[in-house]
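Trainee: Hi! Could you walk me through this structure?
Mentor: Sure, let's have a look together.

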Amino acid sequence: MYTFSSKLKTFSFALMIIGALCVGYGFLSTPSTLEESIEMTSHDSHDTHAADTHVVDAHATDAHAADAHGADDAHAMHVFHQLQNRPWSALYVALFFFLLIALTTLAFYAIQHATQAGWSVVLFRVMEAIAAYLPIGGILLFVFLMLSGMHMNHLFVWMDPEVVKGDILLENKVGYLNVPFFLLRAAIYIAGWSFFQWHSRKLTRAQDKVDTGAYRKLLKRSAGFLVFFLITESMMSWDWIMSLDPHWFSTLFGWYIFSSGIVSAVTMIALVTMYLKSQGYLDIVNDSHLHDLAKYMFGFSVFWTYLWFSQFMLIWYANIPEEVTYFITRFEDYRLPFLGMVGLNFFFPVLVLINSDFKRVNWFVMVTGIIILIGHYLDIYVMIMPATVGEQWFIGIPEIGSVLLIAGIFIYVVFNALSKAPLIVKNNPYIKESEGFRY
Amino acid sequence: MSKKVIQAMYNDDDILMDAVKEVRAANHHIEEVYTPFPVHGLDKAMGLAPTRLAIAAFIYGCIGLAFSTWMMNYMMIEDWPQDIGGKPNMSYIQNMPAFVPIMFELTVFFAAHLMVITFYMRSRLWPFKDAENPDPRTTDDMFVMEIVLDENEDEMSAFLTKTGAIELKVTEKL
């Protein structure tokens, strides 16, 4: 049995408190009026908007330039909304990132059951614990989406009837993109995932006491869940990420999100396992298990790059205005995080993890894993921010604070779940194979 | 110089693996093991030096990547620039996304083919070569372990039978 050490508990609470303070600061420091917004942007000498606002001043005295003045006002209003969106978006990126990790961990876990994999049985409790964040993260995200639906923030522009009005593309999508249906779908996804998380955990816990044949039930139910997962995960990616740019669409978007999630999920499983091993638990997990996880980290990193590039290349080649605008904003305003994450998510793991021996060195995989997680955080960041805050992005106190806050909750939930059950499942027919797994 | 070897036959890969470990523990030198299919972990059990094929494959992949980069630059930028979809045909870097699939494929192609050729050369395999396996059954369902015989033959036979060998044969090996 694992006991949740008070040190780690204090650490997770510290993260939550520091994170909450930073998020609070983020919300308080956003401009509440248009004038403040103009003030903020014009003080920033590095910002190109400084020039814009001077233009506003110049035009203000010129009665003949009423049209241009109107355009500048609209622009200032736009910047104002983007600045207001920033702490919300920062929180949303962190919420989505950790929920995605928990969700894809659950999917990875379901794959282990559905394929009756032998090697991974000793890691089941770690996967279950990470997936235990799913209901809590799901509720947090749902509350966030409800607040968006109540127009507390302007992340989803299609939620604003004024924006939809007169926009033929958005008017055509109203049947799907409307607030009640959006929230209903979110509720169905989260409830469905949480149900399987709860159910699979219950079955393996019952199996610990007496052999109930749960692995046979889980084989079928995991297969069923995977079907549900693939459909809902795809739709979730349209709803929660792609609809931020409601004009734009990409047909492989669900896969793309999934690939980002599964790298992060496997990495998270490896990190939690290695942490437990360093604390003297999970002796049974050997280098070969770690090697397999690292191979998945390597392989899924390549898979992510494949999808990232496939999405980019087709849009770049076809050069259709409404599609290509997505990448133009990323290349113009987000060049460093957008291209930097390819380095972190592809070149770095490929070059570092290509060697078979390195995949067995704990600290090495640990460092690589942390960098991969940072890279995939940036990936989600670059998916969300251009649509919500545009050029007003920065990775500062609201962004880091949001990650700390959610990471604190995540660590607390995951290790709390770990301490609730024995670290190795019992009565699974493959447990011997997993314990003796050597390669 | 010919040496005397004893060939022990096994009919199961798990028994063979255990036998290999026992023979090595008893300080006998295993000359070679012939199996009908690759047995996982056998190289480690036999104490063979780790393969360097992976390093060779990485180098071949790099050669493929470099070659395809040069090739696409020569074909599409230098020698015969074409206007495809309005993409700038005077710059390699601005056209690079279109070349990535080719660069990727040639990397894989070079790594795979050169690795196979290297493997054949290292294993001294070429077309029409006579098989080296001592018994045709090693291509079917038998595993043969070949051990240098440097001491008492009877003692060795008894030892090998105890490890699960079902058939023993002593021969001269060139």
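Mentor: One term to begin: the radius of gyration is taken over C-alpha atoms, and the globule rule is 2.2 Å times the number of residues to the power 0.38. Also, this is a predicted model, where local features need pLDDT of at least 70, side-chain atom pairs count only at pLDDT 80 or more, and totals for chains, interfaces and linings use all residues. Residues are numbered from 1 along each chain as its sequence is written, while chains are lettered from A and ligands numbered from 1 in the order in which they are written.

Trainee: OK, what radius of gyration does chain A have?
Mentor: Chain A has 23 Å, which agrees with the value near 22 Å for a compact globule with 439 residues. Along its principal axes, the C-alpha trace of chain A spans about 85 × 45 × 40 Å.

Trainee: And how many helices and strands are in chain A?
Mentor: Chain A has 17 helices and zero strands. Both are DSSP runs numbered from the N terminus: helices are H or I with at least four residues, strands are E with at least two.

Trainee: At what angle do H6 and H9 of chain A pack?
Mentor: Helix H6 (residues 133–149) of chain A and helix H9 (residues 179–209) of chain A pack at about 175 degrees, with axes 10 Å apart. That makes H6(A) roughly antiparallel to H9(A), a label for angles over 145 degrees. Axes are lines fitted to C-alpha atoms, for helices over the stretch in contact, and angles run from 0 to 180 degrees between N-to-C directions.

Trainee: Which residues make the contact?
Mentor: Among them are A:Phe142 and A:Leu145 of H6(A), and A:Phe182 and A:Trp193 of H9(A). Contact means that two C-beta atoms, placed from the backbone, lie within 7 Å. The residues of this contact divide into 12 nonpolar, four polar and no charged. Ala, Val, Leu, Ile, Met, Phe, Trp, Tyr, Cys and Pro count as nonpolar, Asp, Glu, Lys and Arg as charged, and the others, Gly among them, as polar.

Trainee: New topic: is A:Ile136 buried, exposed or what?
Mentor: A:Ile136, in helix H6 of chain A, is partly exposed, because 17 other C-beta atoms lie within 10 Å. Buried takes 20 or more, exposed 12 or fewer, and partly exposed is in between, with C-beta atoms placed from the backbone.

Trainee: What is A:Ile136 in contact with?
Mentor: Leaving aside neighbours within four places in sequence, A:Ile136 is in contact with A:Ile409 and A:Val413.

Notes:
Parallel < 35°, antiparallel > 145°, perpendicular 65-115°, else oblique.
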